[in-house]
Amino acid sequence: MKSVDFDRRLFSGNFYHVMRYMSHDDVRYIFAYGGSSSGKTYGIVQAVLISTLKDAKNTLVFRKVLASIRKTIFNDFKTAIAQLKLTDMFIVQDLKIKCFNGGVIDFLGCDDPEKIKGI
């Protein structure tokens, strides 16, 4: 297992709150709220990446419309991977991010009921 040390300043303030709640098995939903550009999405993205790296967890990321994913949340994941210098630990594919440890982050749109039916 590789060991990675991070500078705490790389993470948004929301990251620490999200990570704390993600570590509780009894927490099923985490609602993030705040103003525009308050770091909600980025903190969650960072937490999902670190969780995937640490525990080989699989994650599904949904948006209402599939077409908007590439320019929004998928791009945020690519940016966070680069910012955290994790490019050698994640393989970014078309709407899928694979971690070297087997964890996968998949991106789906809710506009195609056939694709989400089997989940």
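This briefing covers a helix pair, one glycine and two cysteines. The model is predicted: local features need pLDDT of at least 70, side-chain atom pairs count only at pLDDT 80 or more, and totals for chains, interfaces and linings use all residues. Residues are numbered from 1 along each chain as its sequence is written, and side-chain values use heavy atoms, with hydrogens and water left out.

**Helix pair**
- Helix 1 spans residues 13-22 and helix 2 residues 40-55; helices are DSSP runs (H or I, at least four residues), numbered from the N terminus.
- Their axes come within 8 Å and cross at roughly 50°; axes are lines fitted to C-alpha atoms over the stretch in contact, and angles run from 0 to 180 degrees between N-to-C directions.
- That makes helix 1 oblique to helix 2 (not under 35 degrees, over 145, or 65 to 115).
- Asn 14, Phe 15, Val 18, Met 19 and Met 22 of helix 1 are among the residues in contact with helix 2 (heavy atoms within 4.5 Å).
- On the helix 2 side, the contact includes Lys 40, Gly 43, Ile 44 and Ala 47.

**Gly 43**
- Gly 43 lies in helix 2.
- Gly 43 is buried, at 0% relative accessible area (buried is under 20%, exposed over 50%, partly exposed in between; 1.4 Å probe, protein chains only).
- Not counting residues up to four places away in sequence, Gly 43 touches Ser 12, Asn 14 and Phe 15.
- Phe 100 is 57 residues from Gly 43 in sequence and 22 Å away in space, C-alpha to C-alpha.

**Cysteines**
- The structure holds zero disulfides (pairs of cysteine sulfur atoms within 2.5 Å).
- Cys 99 is buried, with 7% relative accessible area.
- Cys 110 is partly exposed, at 41%.
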